Amino acid sequence: MAAVRTSSEVALNRVAIVAVLLITLIFLAPIYWIASTAFKPRNLATTIPPTVLFQPEISPFVKLFTKRSQLRTPPTPEEYAAAPWWERLVFDGGEKVVRDGKGNVQPSGYPSRFMNSLIVAITSTILAVGMGTFTAYGFSRFRIKGEADLLFFILSTRMLPPVVVAIPMFLMYRAVGLNDTHWGLIILYTAFNLSFSVWLMKGFIDEIPKEYEEAALVDGYTRMQAFFKVVLPEAATGIAATAVFCFITAWNEYAFALIMTNRRAQTAPPFIPSQVGSGLPDWTVIAAGTVLFLLPVAIFTFLLRNHLLRGMSFGAIRK
Amino acid sequence: MRKTLTGILAGIGLSLASGTSAFAQELTIFWAEWDPANYLQELVNEYEKETGVKVTVETTPWSDFQTKAFTEFNAKGSAYDMVVGDSQWIGAASEAGHYVDLTDFFAKHKLAETMAPATVKYYAEYPAASGKYWSVPAEGDAVGWSYRKDWFEDPKEMEAFKAKYGYDLAAPKDFKQLRDIAEFFHRPDEKRYGIAIYTDNSYDALVMGVENAIFSWGGELGDYATYKVDGIINSEKNIQALEAYKELYSFTPPGWAKAFFIEDNQAITENLAAMSMNYFAFFPALVNESSNPNAKGTGFFANPAGPSGDQFAALGGQGISIVNYSENKEEAFKFLEWFVKDETQKKWAELGGYTANKAVLESAEFQNATPYNKAFYDTMFKVKDFWATPEYAELLIQMNQRVYPYITGDQGTAKEALDNLAADWNATFKKYNRIK
Amino acid sequence: MATAVMTRLDPSTRAAAHGWSDLTIRNLFIIPTILFLIVFNIFPLIYSLGYSFTDFRASTNAPANFVGLQNYRELLNDDFIWRNFAITAQYVIVSVTGQVLVGFGMAMLLNRDIPLKGLLTTLLLLPMMLSMAVVGLFWKLLYDPSFGIINYALGLGTFEWLSNPNMALYAVALTDIWMWSPFVMLLSLAGLSAVPKHLYEAAAIDRAGPLYTFFRITLPLVAPILMIAIIFRTMEAFKTFDLAYILTSQPTTEVISIRLYKMAFQEWQTGRSCALAYIVLIMVLAITNIYVKYLNKVKER
């Protein structure tokens, strides 16, 4: 900046820096607290004053993945010695690992829910972004009568409260047997994300100069070839950003998953709150489940940082 | 990177393609998330060893157990072959055809004679006294109390208590004593509080808590045969009982407006309260020293009597039913045949389950197995339950809506709350043509 | 809709004479999406419109009886429902106001030369990317009166955040403010950085006070984008379900989505809940309409 900075401006700037740092710390504190609780011994999770320094433990993660039950009689020393390290951690917590009839360790519900989340989020993202990109191209490049109304129609489907949609969808799914299936949830999430992906992709494709395609057409490409060989590569960044947004939305969705799934297709968000423990809460296990669940989103947020603004405003605002 | 991606996609494709494969050699039982469900898993492991049929117990938290189960029933879903459903569900589930009729099964195995009477009456039979049975009593349960024996036995406390109230400090025999002891130990400046009671209004926790007072005052919720509620639910006894419950709320730890079994157990383990209401089935965590540092100093007692000496407790517990939409009904019947065998029931009790089998319950072995089994046995003969009509869920929500603001929010009077509730229930019964 | 798609093409795009015609491509690209959305979004709504005039219960095998407008009449005369709407309105006002104040304030602070600005902004955006249900659950522990860190850090003793019926809604709103202020911040930052520097320089030359500069230059120029943020958040807050459902069960936090959920999936009053869903739907569409009008206006500039 060319303007001369007065000393009061410099001081003001310093105050602002301190304030920003402070606010960032406050905003991140809950997330830090979740992450640190995931590594605490159970008895340190709910202490006053709060425990900040502690020997980190891996036991919450062991518990997260195994089905456990209250130990009614302590294990004999032989049993304890024969147990693998992770089973000892469970014994130490006053619980034992539940096994099935063949003696195999029973997993908790978490791994299958995590897998369901992956299946549903990835598949619905591919469908929503795929269809969205084609449709956005159509809206961007061809003149369509009532375009604004159609786009409004597409957007408005996203604005419906999930519970409102869930009531008829539940009845329809019941008729065709889609309740509690992966496909049932995938369809809902695809419909939910499709409008978003159309709006966002239209913005990205609008920015690609028409001249590129026209040049390709002159070179003898068909329009389909031009679309695949010229437009898509140009839109790659936009497609990636849209995909990540769709993925995060589907990954985090709660209300539909709560209502439309039960056991087979249940995703992690309605499941994690159900890990409160069977008699006493175990916040360390909830925290461990939360950390693993939040990790992909945290990573994506960093990858996406330059596109956040655009994504969060449905492509209305560009940087 | 590309390899991982292909791997994931292939995995997804496979899972999507296989869809909902139903292996006949597998059974799934749905229950709520608590220790008895884990004990049941251990029990059914024996079944797998004997028959090769793998049985899995699936669980969900209590707060949404009902919603989940009925969403699945109403979706006519086959995710679960059997459900260990709450006693109040039986009307709704049998009338809508969600449960398989077990009347013949009951007769064949003479279950009406071998199971404890209260469990047959409340878990299995609907409509009342019809001789039609819909589930096999699996887990008996009722509300009881845990208390800090170490606090009660502190000589200084005993002396101070006697000086203030004129009688000895011991596990309370009636609600008057319960109130006195709660008041006595309620010391917010020491971060010690009198009593932990149920207040969660998301399912039936608060209602169960209030029922403990109402039933022990000699009151009823209504006439279950004629659906008459006016003058019964808002009787003078019930008003007093509700007022007493509200007074207990003033001796609870801070933040006690959404308390259910987790919070009430925590009140004991975290040194928050002197006494705590809970279902017997949640007590294992309290005698386990790893989860309860005060395990040695924790005692148990049955729900105390009301002013006129009536002593009843709210019934918990569940029967196991076969879901009508299951694809493995034959296998499920075979499993139940095994489940009701005497030796299975004995094993069930050994593992920590609360069997409903009379013979096992009466055995000294069972009664001495834990510090609270005796109190459980006593309670199981004086239990009463909520409405079991198909519209019970609405009745429950209405009771929560009327009673909760009075108890936790200090709104209105007990009489107003119960008068309004009587009107709500009356309207509901009219709506479903139970009364004219 | 079909007629809209079948209109004549812009001749300038008809450059390719071979391959599929542009008309085919356009229809191929657009119609599947429209159909998909009609089948899975509009058709269900028509389906539930029908049920809203009946006493249908999905929990019984009894057939649905036509009851006319009875469901709507009863709902609009139900004090409990009106209280749910009042609670929702209160929640929207508290939470959106909070987000705008905090978010805009943060944007004002960040809109200057600050080291590591990019990193800090990204970190601040983390809360809103996370799952409301999962993170919301953890706030229960943070708010706990006996061992929550919030009371400890603020020295509030055993202050009851969620158990006090008069406080609970504010506690839920506070969590929402934590999650979504960064959203308002992000949009405000975009607005602020678009204000031409020369306007400030001119104001400085005129010796205008900071308040004058803020109200006469900054605010009017940021207002359109801020308005988008407000409408967007209003809509989301109106739909709130996860956070309030997970954090508390107080009657004072029973927003309309929770009431609807209970009516539909706990009481199984399917017909009645369809009617309530329609009442909610009309309100949401009204807000959406305002939003889209605004969006197009901003985009035109």
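Select B:E26 and then B:K54, its bridge partner in β2(B), keeping in mind throughout that this is a predicted model. Now widen the selection to the whole of strand β1 of chain B, residues 26-32, and to β2(B) beside it: the two strands run parallel and are joined by 7 bridges.

From this pair, extend the view to the sheet that contains it. In chain B, 5 strands form an open sheet with mixed pairing, and following them across gives the order β2-β1-β3-β10-β4. Colour β2 (54-60) and β4 (136-139) of chain B separately, because these strands stand at the edges with a single partner strand each, so that one side of each is left without a neighbour in the sheet. Looking across the strands, you will find a twist that averages 30° from one strand to the next.

Next, add helix α7 of chain B, residues 117-124, which packs on the sheet and touches both β4 and β10 (318-322) of chain B. The direction of this helix makes about 110° with that of β4(B).

Finally, bring chain A into view and select the contact between the chains, to which chain A gives 32 residues and chain B gives 40 residues. On the side of chain A that touches chain B, the elements giving two or more residues are β1 (68-70), α5 (110-141), α7 (162-176) and α8 (182-206) of chain A. Begin there with α5(A), since the largest share of that side, 4 residues, comes from this helix. If you then colour the side of chain A that touches chain B by residue class, it shows 11 nonpolar, 14 polar and 7 charged residues.

Technical notes. Residues are numbered from 1 along each chain as its sequence is written. Chains are lettered from A and ligands numbered from 1 in the order in which they are written. This is a predicted model: local features need pLDDT of at least 70, side-chain atom pairs count only at pLDDT 80 or more; totals for chains, interfaces and linings use all residues. Two strands pair if DSSP finds at least two bridges between them. Axes are lines fitted to C-alpha atoms, for helices over the stretch in contact, and angles run from 0 to 180 degrees between N-to-C directions. Two residues are in contact if their C-beta atoms, placed from the backbone, lie within 7 Å. Ala, Val, Leu, Ile, Met, Phe, Trp, Tyr, Cys and Pro count as nonpolar, Asp, Glu, Lys and Arg as charged, and the others, Gly among them, as polar.
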